[in-house]
Amino acid sequence: MEKRVKFRGWLLPLLLIAPQVVVSAVFFFYPAGQAIWQSLFIPDPFGLSMKWVGLGNFEYLLSDRYYRASFVTTAVFSILVTLSSMIPALFLAVTADRLIKGSGVYRTLLIWPYAVAPAVAGVLWLFMFNTRVGVVSWYLGQLGYDWNHVLNGGEAMGLVVVASAWGRISYNFLFFFAALQAVPRSVIEAAAIDGAHFWRRFWTIVLPLLSPTTFFLLVVNIVYSFFETFGVIHTITAGGPQQTTTILVYKVFSDGFVGQDLGSSAAQSVILLFVVGLLTVVQFKFIEKRVHY
Amino acid sequence: MARETHGMVERRGAGLWLTHVFMILGVLVIFFPIWLAFVASTVTQSDIIRPPMPVWPGDQLWTNYKSALFSGLNVPVATMLMNSLIMAVGIAVGKIIISLLSAFAIVYFKFPGRNLFFWLIFLTLMLPVEVRIVPTYEVVAGFGMLNSYSGLIFPLIASATATFLFRQFFLTIPDELAEAARVDGARPMRFFWDIVVPMSRTNVAALFVILFIYGWNQYLWPLLITTDPEMNTIVMGIKQMFPSGDDFADWPTIMATSILAMIPPVIVVVGMQRLFIRGLVDSEK
């Protein structure tokens, strides 16, 4: 789409666009270029010079047991976060949609967690499951279950998944609820007259009509669990125990800033860059489709 | 909506109550972590370290919040709140201003390199700050912007979402308006201030809500560049309040800080719910 009416001149538009171009160049393109460049070197042990290794950092990474494990961890983590935030959200949205009155009140209450930062959510969940003072872990102890996410990798993963999914339920609820409200009443009522029961209507009419929203949320939630859950993991497990909760973004941070392995961290950034690119392409392909839906 | 008159597929009687019960249960489960944090912020440390902690608020609310706000553990929480506020508003306002200007240039002018700039901006959509942290940190350190507001703000306004949003919106402004302005001999900037900016008011407000929360909830970036506790933001400062050794954390203070950290974004989201939902839908499309 283009405007037919354009103003003349070239200096003014360049001045107008300059702030964004400068900020992007300095804080975006230069660092991104730097990451790509650094990924081709390894610094010597004294940090005085850089040795060219070509794709050596990548070869090393892809053969590194921990890095490959981190890929699996990220995949498991993002699938679990996506499912455990979307399913409860859909359930709540479907329930709220059946109410004529009062759904607004529930909506207002349910959007709260969205405003809570992932790092703060991490602290709240850590508090509930803290091995010494946590309420939930204490009651689990009373039931004979010895909760210890500091030592048990599976429990650590469960906890970061729930803490990450919690705030996303609000987000997904808003989108599902809006989509449900847009489903034509006449279609649902026609099915009801034909004797279709609630669950039958849900599976055969409502869910297919929700599919654009569902696919959109799938992609958005995967992107979220890849890149925005750093705060949750850093506050609850710091990637442990034994790296069982070290997702890719966390590894870029821990290798780059804690381990000071700049070449490897930069190579990881470049790999992530490809992952983001891929996800963005998927997202755009899908959005294009949705326009024609 | 005509839903009131139909009501055939909505619940009535016992079913209606059951639906409400489900919703209330859902709300309670979702709220439980926040409630517990609130309770913990109103009791004493000894109430907490002898589990199970109480489930109803105690009488230490004023004491805990006063001590958190004005003395804190590393730095008064009031200082961290101020830092977060400056950062969040800085990011929101900065992004809105640079994107309004560049979207105006892209939509209303034809100039050399326009398509190139457009694609360059588009590329920035793709790379979250988490991915390029080490080199971005080096750039900011090189400028001497560690422990400064500009270091907190600038790297996070380099993103294109807002530009795209405004571009989409400007494309829907009727051409007749620009035509009339041109016939009247109005200069482009006059058209921008008198027509484009006022028409974008709702979009600006919706975007502000989204960007404010985005800025307020940042964690990794402030964690890297604010080594001075005086510059900590509240969201990253909470983690710094945990002791490194085996000591008990000061849970009442930490939980009071957590509650304080969520109050501003919650007020923004709940108070400006309409704008928030609109901004959410707009910025994701």
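1. Let me start with a single residue. B:F70 comes out exposed, because just 11 other C-beta atoms sit within 10 Å, and the cut-off for exposed is 12 or fewer. Bear in mind that this is a predicted model. B:F70 belongs to helix α3 of chain B. Once neighbours within four places in sequence are set aside, its contacts are B:P76 and B:A78. As for B:P243, 173 residues away along the chain, its C-alpha is separated from that of B:F70 by 20 Å.

2. That residue leads to the domain split. Chain B is cut into domain 1 (2–70) and domain 2 (77–284), with their C-alpha centres 31 Å apart. Where the two touch, 16 residues of domain 1 are in contact with 13 residues of domain 2. On the domain 1 side, the elements giving two or more residues are α1 (13–40), α2 (45–49) and α3 (61–70) of chain B. Of these, α3(B) supplies the largest share, six residues. By class, that side of domain 1 has ten nonpolar and six polar residues, and no charged ones.

3. Now the overall build of chain B. It has 15 helices and zero strands. The radius of gyration is 24 Å, well over the 19 Å that the globule rule gives for 285 residues, so chain B is more spread out than a compact globule. Its C-alpha trace spans about 75 × 65 × 30 Å along the principal axes. Buried residues account for 45% of the 285 in the chain. If you take contacts in chain B between residues at least 6 apart in sequence, 72% of them join residues at least 24 apart.

4. Chain A next. Its secondary structure comes to 13 helices and two strands. The radius of gyration is 24 Å here, where a compact globule of 293 residues would have one near 19 Å. The principal-axis spans of the C-alpha trace are about 75 × 75 × 30 Å. In chain A, 42% of the 293 residues are buried. Of the contacts with a separation of 6 or more, 69% are between residues 24 or more positions apart.

5. How many residues does each chain bring to the contact between A and B? Chain A puts in 82 residues and chain B 87. Helix α1 (residues 11–38) of chain A gives the most to the chain A side, with 19 residues. Sorted by class, the chain A side has 62 nonpolar, 14 polar and six charged residues.

6. The largest nonpolar core is worth a look in the viewer. It has 158 residues, and those with the most contacts inside it are A:V120, A:W125, A:F127, A:V249, B:F104 and B:V235. Both domain 1 (2–70) and domain 2 (77–284) of chain B give residues to this core, so it lies between them. For a concrete example, pick A:F127: beyond four places in sequence, it is in contact with A:G134 and with B:L36, B:A37, B:A40, B:W251 and B:M255 of the other chain.

7. Is helix α11 of chain B buried or exposed for the most part? Twelve of its 16 residues are buried, so the helix is largely enclosed by the rest of the structure. Among the buried ones are B:N203, B:F208, B:F212, B:G215 and B:W216. The helix covers residues 201–216 and reaches 22 Å from its first C-alpha to its last, close to the 22 Å expected at 1.5 Å a residue.

8. Finally, two backbone spots to check. Most residues other than glycine have a negative phi. A:Q243 is not a glycine, yet its phi is positive, about 60°. You will find A:Q243 in the loop between α11 (230–236) and α12 (248–258) of chain A. It counts as partly exposed, because it has 17 C-beta neighbours inside 10 Å. In chain B, B:N147 has a positive phi of about 55° and is not a glycine either. B:N147 sits in the loop between α6 (133–142) and α7 (149–157) of chain B. With 15 C-beta neighbours inside 10 Å, B:N147 is partly exposed too.

Key. Residues are numbered from 1 along each chain as its sequence is written. Chains are lettered from A and ligands numbered from 1 in the order in which they are written. This is a predicted model: local features need pLDDT of at least 70, side-chain atom pairs count only at pLDDT 80 or more; totals for chains, interfaces and linings use all residues. Two residues are in contact if their C-beta atoms, placed from the backbone, lie within 7 Å. Helices (H or I, at least four residues) and strands (E, at least two) are DSSP runs, numbered from the N terminus. Ala, Val, Leu, Ile, Met, Phe, Trp, Tyr, Cys and Pro count as nonpolar, Asp, Glu, Lys and Arg as charged, and the others, Gly among them, as polar. A nonpolar core is a set of buried Ala, Val, Leu, Ile, Met, Phe, Trp, Tyr and Cys residues joined through C-beta atoms within 7 Å. A residue is buried if 20 or more other C-beta atoms lie within 10 Å of its own, exposed if 12 or fewer, and partly exposed in between; C-beta atoms are placed from the backbone. Domain bounds come from an automatic or database domain assignment. The radius of gyration is taken over C-alpha atoms; the globule rule is 2.2 Å times the number of residues to the power 0.38. The expected span of a helix is 1.5 Å times one less than its number of residues.
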